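Take a look at the structure below. We will walk through it step by step.

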Amino acid sequence: MDDDHEIARTQEERKNMEQQITYDTEFYNTTKNRFEGYENSIAVTEEDETIDTNLSQVPRKLASYTAPQSLLRDITRSAEEEEERNGDGNDVRAQSRRIIDKEDEYKRRGRLNRALSPDRVDAFALGDKTPDPSVRTYGEIMREEALKREREETLREISKKKKEEEGKRGGGDRKVEEERAREEVVPAKRRNRWDVDNAASKKAKTSGSDWDMLESTPGIGRWDATPTPGRVGDATPGVARRNRWDETPTPGRVDADATPSVSGMAWDSTPKLTGFATPTPKRQRSRWDETPANIGSVTPMPGATPAGVYTPGVTPFGGIGMVTPTPGQINLMRWEKDIDERNRPLTDEELDSMFPQEGYKVLEPPATYVPIRTPARKLVQTPDTQLYQIPEENRRQEYDLPKEPPGGLPFIKPEDYQWVGPLLNEVDEETLTPDEQKDRKILKLLLKVKNGTPPQRKTALRQLTDKAREFGAGPLFHRILPLLMQPTLEDQERHLLVKVIDRVLYKLDELVRPFAHKILVVIEPLLIDEDYYARVEGREIISNLSKAAGLATMIAAMRPDIDNIDEYVRNTTARAFSVVASALGIPALLPFLKAVCQSKKSWQARHTGIKIVQQIAILIGCAVLPHLKSLVEIIELGLVDENQKVRTITALSLAALAEASAPYGIESFDSVLKPLWTGIRSQRGKVLAAFLKAVGFIIPLMDAVYASYYTKEVMFILKREFESHDEEMKKIVLKVVKQCVSTEGVEADYIRSDILPQFFKNFWVRRMALDRRNYKQLVETTVEIANKVGVADIVGRIVEDLKDEGEPYRRMVMETIEKVVANLGASDIDARLEELLIDGILYAFQEQTSDDANVMLNGFGAVVNALGQRVKPYLPQICGTIKWRLNNKSAKVRQQAADLISRIAVVMKQCQEEQLMGHLGVVLYEYLGEEYPEVLGSILGALKAIVNVIGMTKMTPPIKDLLPRLTPILKNRYEKVQENCIDLVGRIADRGAEFVPAREWMRICFELLEMLKAHKKGIRRATVNTFGYIAKAIGPQDVLATLLNNLKVQERQNRVCTTVAIAIVAETCSPFTVLPALMNEYRVPELNVQNGVLKSLSFLFEYIGEMGKDYIYAVTPLLEDALMDRDLVHRQTAASAVKHMALGVAGLGCEDALVHLLNYVWPNIFETSPHVINAVMEAIEGMRVALGAAAILNYCLQGLFHPARKVREVYWKIYNSLYIGAQDALVAAYPVLEDEESNIFSRPELVMFV
Amino acid sequence: MQASDRFNINSQLEHLQAKYVGTGHADLNRFEWAVNIQRDSYASYVGHYPILSYFAIAENESIGRERYNFMQKMLLPCGLPPEREED
């Protein structure tokens, strides 16, 4: 499912993108796709799955188990979910807003391992000058990269050689080897983390000693090049097991040597003071999977030592002051501070203020009292370390507040102290150099953006944007980019900082060139973020960057990363390149892509190049069509590449291209058909899966004849792979079969004879039902096959399995039958099969032990409905089963039985089994005392279904008995019961109200009032409608009285629903029956009631529309009064009533009354309350429609040039909405202006006369 | 006005209106408004064919000529703007 999930995600994104792209809708007809039925994605396990968040770390932890991966994933997943559901306090993911806590291992490691590279030279700005030796040029970077790769190669060679030697030695002493391997782990890892450090590799190359060789060799290549643990296992089975510890960076262990004081606490655990009391590092306690990977040495700040450590109130112990405080430490300090503050001794002043002045005496301490000086005897022992100093007492200090940041800066979080440090030192700005001043200014603004209040943030952002060029690219990015690399960054902060970059980019334009790579380093991780908006943001930045810096710079910046040794870097770079391609156009990038994809130097480059093509296809979708041919040509050589990974990614890219261009562009794929087809014959394993996926996507593009031919070709392989035991392969085969089968040219006979036997033999086995994903895939594929070969074939083959002994398998059969029958009907099913089918279904239905997804129920319903009248002979048996099950002890069974009745009620009617239905009705009626609300809801639903089909008159039990039984059930607060009950009551009120005495209906009315409070909208709506039916049945007077009384209640929602109900009653029983009582109610001197009446009027006129013309004159006096009321809400509601009225009667000759009302509305135009002014403006708009724009313009003219500005503003607002609403109509009504000396204002044309 | 009102639709109404050509505001003077009126009028004449033909008959001109004239008049319909005395 995860593959599907990911694909669905990208597809959705693309869909969003496509909505912005405009294309010729005639050619690219979007409404009806002839390939709609195709599965448009086949998953293959490949690197792109590493993006699949959440999961990728799970298999890693479990790499030593040997059960199938998919199964393990399921298990661990549910364990995780369980934990989350329990609200386990340790669950960081659920609570934290920090990005680092939400990332999986792959992303975290990749992101934090990348360092900001030094600035690069801008080749364009230099012209012919020789670059400054201090900045790096493209050539240097390429050399460095080449060096790194070479080192990798050498190390790999060495390890290979060593392995061979060991192989020769033939085992040797195992214990010694293990020992050795354990020692290898640490140095290998360390070198990886400091990639730039060449010392180790030099050592490896130069030293001849065997020991050194051993130490330096293992795992390095594996670590970098192959990020998935599974593959590691394949490559070097000997050390693989231990290797899994390498996969996760273990800062606790590694850094323990360098910075002893950081380890020893889990940063999310309850802070314990022991962290301070035990200065020796405790390695085993470090929670290596949660602590950020970059403690100490890798901290992205320039200079890891913080400028000012946040230590208010506590003196730093041990080495804390020397390292960057981790969040854990900061938390600890917070606690410490808090506890200190609460426990400090009270001062004399405080004691004075607490006790009364008189009646107390300050005693002298006894002469013998000596305060405890030896710390060991104190209750709370202060740790006694070498560096400990007795803190200086400062009672005046504010313990609970951090130092107030100077100069109106926002609150500074402890995590931020390290970078805003310079701001906290009070210095005289005058003494600083201009550069330092600039830097301070930037820092201040950034701090405001990051931590400030919205207004602060806004102004700071604007200043940063406006002054961007003044500040210069260098100082800005040197401050912003390290911030984005902070391990404690939160989502919101990242968003803000990214926004800053975006704005600044726009202003700096070509000045960003030297920083293009740095920006990419921090932005690229956004491209694989889980958060959709983060991905979009990342894309936007990269696209803006490429527009600002230009293609050449972008290529120069990213070229070295293309064959980076780290897969993460290559992955993100490929994605970034696809964004560049979509920003600058594919043609511009084609030559480069061509060169990269055919690179001779390294397979990594080819792999990334081809991956770029894949990402382009995923990103821009059908817009690849114009370039399809060139893109395919660029990557086609990859199909025969010597490297297996390159072949795989090529096939995947072709699949992506075919998917993006479907249903067009088959001619572009001509050149790859042959290698693909030879490929599926020669390849094995993963590569074969990828090839099959590509084929699966290309076949639907073909013409019918070719599709049929190629399907037959590929079917040969597919049938072979039917027997594969690889789960992944199974899934792909199923999907490809589905794609092929649904293609036009594939004949039913061929499928029947060539595919079905093997297909059913291999896939329709019990084991397939156990894995949820296999299950779903198999059902889908089978349904697709059924669409081609018909119902009888498929159902005939599996119907016997309805009596299988495995319940999951029975369920799978049932689901398939349900879908097939629902799609294709049951007309193909002959008498014998019909008998078998009903028999099997009854068996499966009765034998089920658990059915949470209602598969059996749905299947039963679908089959019965499809068979229609043919079910008649079986109905007594079915009803017998239902009756028996309605009496079952298990609530679930009873509920299901009742649900089944509501599904088959319509068919029973078709079979003229009214007597049987009546019988069932009586049975259900007897079960109305059911205590389980879920079951009761279903029983009510079943009753409703029966009443619906056999009608009120024939219903048994008779309605007059049934309804009184329902009245008490209306009191039930359970949603399902309420909904079904109100539906049933409403149905009876609608169709059979005469069977029930009016008294009973009144009783129900009272119950219904309570239901107006229901949370579910459907229930409230049904209730309001039921009021209408009841009012119709027994006359509006009594119902209305009830409703009007309800207006007096306090609860707002209740009143609102009541007003709606009144309006509905008015609509069903004509307004004249309601209006007198309603208007009479307005005389009650109570705000709520009067407002309720007005609101009802407003709804009423909205509902009755044109009918309102007869009632305007009647309600005008009331509205006059309301529009003159002191209460704002009166005027507001009255204004909205006027609006509805005006809109309803527009053009029906009620202008006199409307003008009269407008005169009352108009004085309210100066109201400031938003709701009131809104209602008034809308009323005026309504009047514009009813009276015409000219009338309103005349009202306007008096104030357009009023001496008071406030008045003018309001009048112009009205004029503007008038103008926008009816500009043309105003032409005839504009006032006559006199000409002035040099200007013509009159409109002589209007006085022309023929 | 409260802080919360600053963001609701009413406060934006004027801003929304200002996006349309021809809308006015409290500082609009007689000349600017007149220009809008004139342009609207001409646009309306040109847009309604019966009116255009009526004018054509009244002025004894072809309809095309009338249309052309009206369109030409939409440039500076009231002549040059008056000198601003207050600044």
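The walk goes from a whole chain to one helix, and then to a contact between chains.

Keep in mind that this is a predicted model. Start with chain A. Its secondary structure comes to 61 helices and zero strands. The chain has 1250 residues, and 41% of them count as buried. Now consider the contacts in chain A with a separation of 6 or more. Residues 24 or more positions apart account for 74% of these.

Next, pick out one helix, α57 of chain A, which spans residues 1151–1161. Which of its residues are buried? They are A:Leu1154, A:Leu1157, A:Leu1158, A:Tyr1160 and A:Val1161. Look down the axis of α57(A): the buried residues fall within an arc of 155 degrees, so they line one face of the helix. The other side has A:Asp1152 and A:Asn1159, which are exposed. What do the buried residues of α57(A) pack against? Their partners in chain A are α55 (1112–1123), α56 (1128–1145) and α58.

Helix α58 leads on to the contact between chains. Chain A gives 28 residues to this contact, and chain B gives 29 residues. On the side of chain A that touches chain B, α58 (1170–1187), α60 (1205–1221) and α61 (1223–1226) each supply at least two residues. Helix α60(A) provides the largest share of that side, with 10 residues. What classes of residue make up this side of chain A? It has 14 nonpolar, seven polar and seven charged residues.

So α58 of chain A appears twice: the buried residues of α57(A) pack against it, and it supplies at least two residues of the side that touches chain B.

Terms used: Residues numbered from 1 in each chain as written. Chains lettered and ligands numbered in written order. Predicted model: local features only at pLDDT ≥ 70, side-chain atom pairs only at ≥ 80, totals over all residues. Helix = DSSP H or I, 4+ residues; strand = E, 2+ residues; numbered from the N terminus. Buried ≥ 20, exposed ≤ 12 C-beta atoms within 10 Å, placed from the backbone. Contact = placed C-beta atoms within 7 Å. Nonpolar A, V, L, I, M, F, W, Y, C, P; charged D, E, K, R; others polar. Arc of directions from axis to C-beta.
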